[in-house]
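This briefing concerns a predicted model of a protein chain. The points below are grouped by topic.

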Amino acid sequence: MLNIEVIEMEEDVCNGVTTVAINGRFDFRAVPQFARVMEQLIAKGERKIVLDLSKLDYLSSYGFGALLHRSSTLKLTGGDIFFCNIPPKIKGMLDLFGATSHLEIFDTVEEAEDAFQEEILVLA
């Protein structure tokens, strides 16, 4: 029996950094919801986004592609996406694809938020 779970996303804004928690399965069924949330954030002017993946159970190649696409799109607008709390099995998959060397990955939300703040200080 197929069990379809839609990812849940929770937004939290702190010091100009928006944290989006992605929970559940991130596959082709969840990509449209993710795209809508990201488009809304970008339209509101959000440019610093942390994706908290601590409750991510599954990441398909399609979901992975959506993450990379949104990250690239945000960089074109002067922003960035930092990733944190990546579960070991998901991180292993990202390592296998060689993606971890191209993504900004942190252990915690706080570390990712702090990195954005440090980036602002360096640019100032």
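A salt bridge is counted where a side-chain nitrogen of Lys or Arg lies within 4 Å of a carboxyl oxygen of Asp or Glu. By this rule the chain holds five salt bridges, among them the pair of Arg-29 and Asp-27, with an N to O distance of 3.0 Å. The secondary structure comprises four helices and six strands, arranged along the sequence as β-β-α-β-β-α-β-α-β-α.

**Overall character**

- Of the 124 residues in the protein chain, 44% are buried.
- Among contacts with a separation of 6 or more, 69% are between residues 24 or more positions apart.
- The accessible surface amounts to about 6,900 Å², and carbon and sulfur atoms contribute 54% of this surface.

**Salt bridges**

- Asp-27 also meets Arg-25 in a salt bridge, at 3.9 Å from N to O, and Arg-25, Asp-27 and Arg-29 are thereby linked in a network.
- Within this network Asp-27 is buried because its relative accessibility is 5%, under the 20% limit.
- Both arginines are partly exposed: Arg-25 has a relative accessibility of 26%, and Arg-29 has a relative accessible area of 32%.
- A further salt bridge joins the side chains of Arg-70 and Glu-39 at 3.1 Å, N to O. This pair links distant parts of the chain, with Arg-70 in helix α2 and Glu-39 in helix α1 (residues 31-43), 31 residues apart.
- Arg-70 is buried, at 12% relative accessible area, whereas Glu-39 is partly exposed, at 43% relative accessibility.

**Surroundings of Ile-81**

- Ile-81 belongs to strand β5 (residues 80-84) and is buried, with a relative accessible area of 1%.
- Beyond its neighbours within four places in sequence, Ile-81 contacts Met-38, Ile-49, Leu-51, Arg-70, Ser-71, Leu-74 and Glu-104.
- The C-alpha atoms of Ile-81 and Ile-49 are 4.8 Å apart, although the two residues are separated by 32 residues along the chain.
- Ser-71, one of the contacts of Ile-81, lies in helix α2 (residues 61-76) and is buried at 5% relative accessible area.
- With neighbours within four places in sequence set aside, Ser-71 is in contact with Asp-80 and Ile-81.

**Negative surface patch**

- Asp-107, Glu-110, Glu-111, Asp-114 and Glu-118 form a patch of negative charge on the surface.
- Glu-111, a member of this patch, is located in helix α4 (residues 109-123).
- Glu-111 is classed as partly exposed because its relative accessible area of 37% falls between the 20% and 50% limits.

How values were computed. Residues are numbered from 1 along each chain as its sequence is written. This is a predicted model: local features need pLDDT of at least 70, side-chain atom pairs count only at pLDDT 80 or more; totals for chains, interfaces and linings use all residues. Side-chain values use heavy atoms; hydrogens and water are left out. Helices (H or I, at least four residues) and strands (E, at least two) are DSSP runs, numbered from the N terminus. Buried means under 20% relative accessible area, exposed over 50%, partly exposed in between (1.4 Å probe, protein chains only). Contact means heavy atoms within 4.5 Å. Patches are made of residues with over 30% relative accessible area and no salt bridge: like charges are joined within 9 Å, nonpolar side chains (Val, Leu, Ile, Met, Phe, Trp, Tyr) within 5 Å. Accessible areas come from the Shrake-Rupley method with a 1.4 Å probe; for residues, only the protein chains shown count as cover. Lys and Arg count as positive and Asp and Glu as negative; His and the chain ends are not counted. The place of a charge is taken as NZ of Lys, CZ of Arg, CG of Asp or CD of Glu.
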